[in-house]
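Reader: I want to learn how to read a structure like this one. Please take me through a few features, one at a time.

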Amino acid sequence: MKKVLLASVAAALMTGGAMADGHGAIKLGVSLGFTGPLESLAPAMAGGAELAMGEVNAAGGILDGKMFEAVQGDSTCIDASAATSVAERLVTSDGVAGIVGAMCSGATGAILANVAVPNGIVMVSPSATSPGLTTAEDNGLFFRTAPSDARQGVIISEILAENGITNVAVSYTNNDYGKGLADAFESAFEAAGGTVTINAAHEDNKADYSAEVGALAAAGGEVLVVAGYVDSGGSGIVRAALDTGAFDTFYFPDGMVSEQLGLNFPGEIDGSFGANPGTDSNGAQLYQDMATAGGFDGTSPFSAESYDAAALIMLAMQAAGSADPADYKDTLMDVANAPGEVILPGELAKAIQILKDGGDVDYSGASAVELIGPGEAGGNYRQITFENGELVVVGYR
């Protein structure tokens, strides 16, 4: 099976552009932070979403031959105004029937409130994790394949406890994502008997973080939890902490977990640890092999979730018999969950045929996705550490 899947990847990627030429194609927006504090993650995320579209196109499309065309938009992650403007272009000028994205929580909330809800557009974010999005007014249009930070807060608390850590300092990026995660973690950690010595915000894109690190050092802690962004202030905080000797061990939540972190601090953060959404399921390995054949890193954070976000939109359309968001928003939860035949990466053609024949599918995909409550992932996590300057996976939970 693996050889068949890998052999089809190149054809899928070529078909994604060649057949979806805009003449009757269904357009999907891919709204990610191609610039900004997580820009190093965006290429593999876009690669995942577009790989799924190419796979469906190679299989002949949906709804009796409708192909897909990806339309990228740079939400920048942290500029709500720019994110809104890009989403308006995707909807009004490009005519997308759904959006994979956005990437960061603040941009996602802005697009949801200002563009998606007023225009009735479905959004499936692969990486926006703020707990505030759980209760956002969305008219049933918003879903996410990454778990809420309410879940991540518990995960961080458990991992720290398993490592014998009882008191920590926290530095978080001053936005919806950072504050939501910091608050969720503090609540979980203190409920478990831990102590947060300080829970302090930092701004992104500053040249000097010595003042922030001074306050963190004064409060103390066995570990510094950095709930920030790897390509921005989070790395700035780590750099200042290392340079001043304030901390030498760090916990990295999802916004910091990246191969780029090891490149930023070669050999300097050995012994530090963290976690990001991820699974060791059969689907995860299949996807990683497909991504490698497609020329990008399928192990990069949120890449698998991006493939799944696009796949769910397309399968929901087939299940509804319509590419109208007003119709397929009501079938997205159905194709994501039991009952039905389990669908893994590389099996989208099979899923489309099952749905066409009137059957049910249970899309597990690349991230073992299972949607709960208001359309968000239940949550699987990949634990990592740094050894000899390298990011090393140590387990899953």
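Reader: Which residues does a disulfide join here?

Author: This is a predicted model, so keep that in mind. Look for paired cysteine sulfurs, which count as a disulfide within 2.5 Å. Here Cys 77 is joined to Cys 104, with S to S at 2.0 Å. A search of the whole structure gives 1 disulfide.

Reader: Where in the chain do Cys 77 and Cys 104 sit?

Author: They lie 27 residues apart, and the pair links distant parts of the chain. Cys 77 is in the loop between β2 (68–74) and α3 (80–93). Cys 104 is in the loop between β3 (99–101) and α4 (105–119).

Reader: Are Cys 77 and Cys 104 buried or exposed?

Author: Both are buried. Buried here means under 20% relative accessible area. As for handedness, the link is right-handed, with 70° about the S-S bond.

Reader: Now the sheet. What is the order of its 7 strands?

Author: Read across the sheet, not along the chain. The order is β7-β6-β8-β9-β10-β15-β16, in an open sheet with mixed pairing.

Reader: Why is one side of β7 and of β16 left without a neighbour in the sheet?

Author: β7 (195–202) and β16 (390–396) stand at the edges, and each has a single partner strand, so one side stays free of a neighbour in the sheet. On average, neighbouring strands are turned by 25° against each other, direction ignored.

Reader: In which sense do β8 and β9 pair?

Author: Parallel, over 2 bridges, between residues 223–227 and 250–252. Val 225 is opposite Tyr 251 of β9.

Reader: Which strands does helix α6 lie across?

Author: Helix α6 (residues 176–191) lies across β6 (167–173), β7 and β8. Its direction is at about 165° to β6.

Technical notes. Residues are numbered from 1 along each chain as its sequence is written. This is a predicted model: local features need pLDDT of at least 70, side-chain atom pairs count only at pLDDT 80 or more; totals for chains, interfaces and linings use all residues. Side-chain values use heavy atoms; hydrogens and water are left out. Helices (H or I, at least four residues) and strands (E, at least two) are DSSP runs, numbered from the N terminus. Buried means under 20% relative accessible area, exposed over 50%, partly exposed in between (1.4 Å probe, protein chains only). Two strands pair if DSSP finds at least two bridges between them. Axes are lines fitted to C-alpha atoms, for helices over the stretch in contact, and angles run from 0 to 180 degrees between N-to-C directions. Contact means heavy atoms within 4.5 Å.
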